[in-house]
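Got the viewer open? Here's a short tour, one selection at a time.

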Amino acid sequence: MKMNAPVLWDVNGDWSIEEVELDPPRDGEVLVSFHATGLCHSDHHPRTGDLAGPLPLIGGHEGAGVVEEVGPGVRDLRPGDHVVASFLPACGRCRWCARGRQNLCDLGAFINTGTQLDGTYRRHIGDQDINVMLLLGTFAPYGVVSEASLVKIDDDLPLSRACLVGCGITTGWGSAVNTANVQPGDTVVVIGCGGVGSGAIQGARLAGAEKIVAVDIASGKRYKAFEFGATHFATSMAEAASIVGDMTKGSMADSAILAVGLVESHMVGEALDIVGKGGAVVLTALAPETNVTPTMSMAALTLYQKRLLGTLYGEANPRNDIPRLLSLYRAGKLLLDEAVSTEYQARDINAAYDDMLAGRIIRGVVIHEH
Ligand code: CXF
Ligand code: ZN
């Protein structure tokens, strides 16, 4: 079939709408009509080169839609099923999946290849094979993806909101609940109040944190941060450190979650300075692959027994956590409507990323036209 989809041809280029040929699903694959996709900062990284990926590329990895057709061997999905695409596949069989650590599924090794799991392509422009972001390519209105990347959800949930739990909200929520292991009464600092940070603030709230300090250079996000559950707002890490110092009488925070668009060296040390003895800094956001030099006091790490923790997808188990988070959404406890600042059409995707980079939105969502 043919479809129009935004394609990135070169580093530093824009997304350009192209007519793309999409092949039918093969073994274990599913044709999905994507109704909506969230615009995650990670889809911008191939544009800047901060995450080197294969080009030309159809971006997008935070999608939700409806199954149109299933390929041979697909057992768990059928046409008409509503699904959320998970940016990490979960095979359910590897040792990591079997241990309840689906975010570390062995299939994760293939997410940045640009191809299908079997190493071949389903999208083409003439003779040119087109890559996909994280096995998905949800910026296109249709996708052929592995069933390992799809999680069935209830039909009554709005797909324009459900898409957010395929990456950002789940990553943020899990960074607080799983990796920081926020406890009732904790003081938590969330640095970056976008699609991931809004999930982290809510994770901290749902885990019972007493004080949640949201930090963002975009001061306009203050009231959104309070809506998600923040109790304080700062526009710099230094301001946050001063707020936390005052309200904890110098004990400092139990945890700090770095959920900015792109991690810079100095942020690691600044986040470590915000947490107190035994505190944890969670590195949720990506740093450029070339940056291998965080700046921090290594002595303070030892002497105050602080912890610096990486997290992938907030240590979530997509097959359990995607339905669980959507159930919290239905119950009014996880705010997704409030996280979607603007709905766009796919042809406006460059302007949407301008909005994101300028800090004008929490999360943008593209609603696909079919
Ligand atoms: C990132 C995490 C690591 C690989 C690229 C995507 N996650 C989602 O935005
Ligand atoms: Zn993402």
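Which residues coordinate the zinc ion (ligand 2)? Keep in mind that this is a predicted model, then select the ion and look around it. You'll find Cys40 through SG, His61 through NE2 and Cys167 through SG, at 2.0 to 2.2 Å. Check the geometry while you're there: the angles among the ion's four donor atoms run from 96 to 130 degrees, and the site is tetrahedral.

Next, colour the chain by position and find those donor residues along it. Their spacing in sequence is C-x20-H-x105-C. The two cysteines link distant parts of the chain, 127 residues apart. Cys40 sits in the loop between strand E3 (29–38) and helix H1 (45–48), while Cys167 is in the loop between helix H3 (159–162) and helix H4 (168–179).

Turn on a surface now. Are these cysteines buried or exposed? Cys40 is buried, because its relative accessible area is 4%, under the 20% cut-off. Cys167 has a relative accessible area of 6%, so it counts as buried too.

Last stop: select Arg123, in strand E7 (residues 123–125). What does its side chain reach? One partner is the side chain of Gln116, a polar contact at 3.0 Å. Another is the backbone oxygen of Val144, at 3.1 Å. Now look for a charged partner: Arg123 is buried, yet it has no salt bridge. The nearest side chain of opposite charge is Glu29, and that one is 7.3 Å away.

Definitions and conventions:
Residues numbered from 1 in each chain as written. Chains lettered and ligands numbered in written order. Predicted model: local features only at pLDDT ≥ 70, side-chain atom pairs only at ≥ 80, totals over all residues. Heavy atoms only, no water. Helix = DSSP H or I, 4+ residues; strand = E, 2+ residues; numbered from the N terminus. Buried < 20%, exposed > 50% of the residue type's maximum accessible area, 1.4 Å probe, protein only. Lys, Arg positive; Asp, Glu negative; His and termini not counted. Salt bridge = Lys/Arg side-chain N within 4 Å of Asp/Glu carboxyl O. Polar contact = N/O pair within 3.5 Å; in protein donor to acceptor, adjacent residues only side chain to side chain. Donors = N, O, S within 2.8 Å, 3.2 Å for Na, K, Ca; no water. Tetrahedral: all angles 85-135°; square planar, octahedral: opposite > 155°, others 65-115°.
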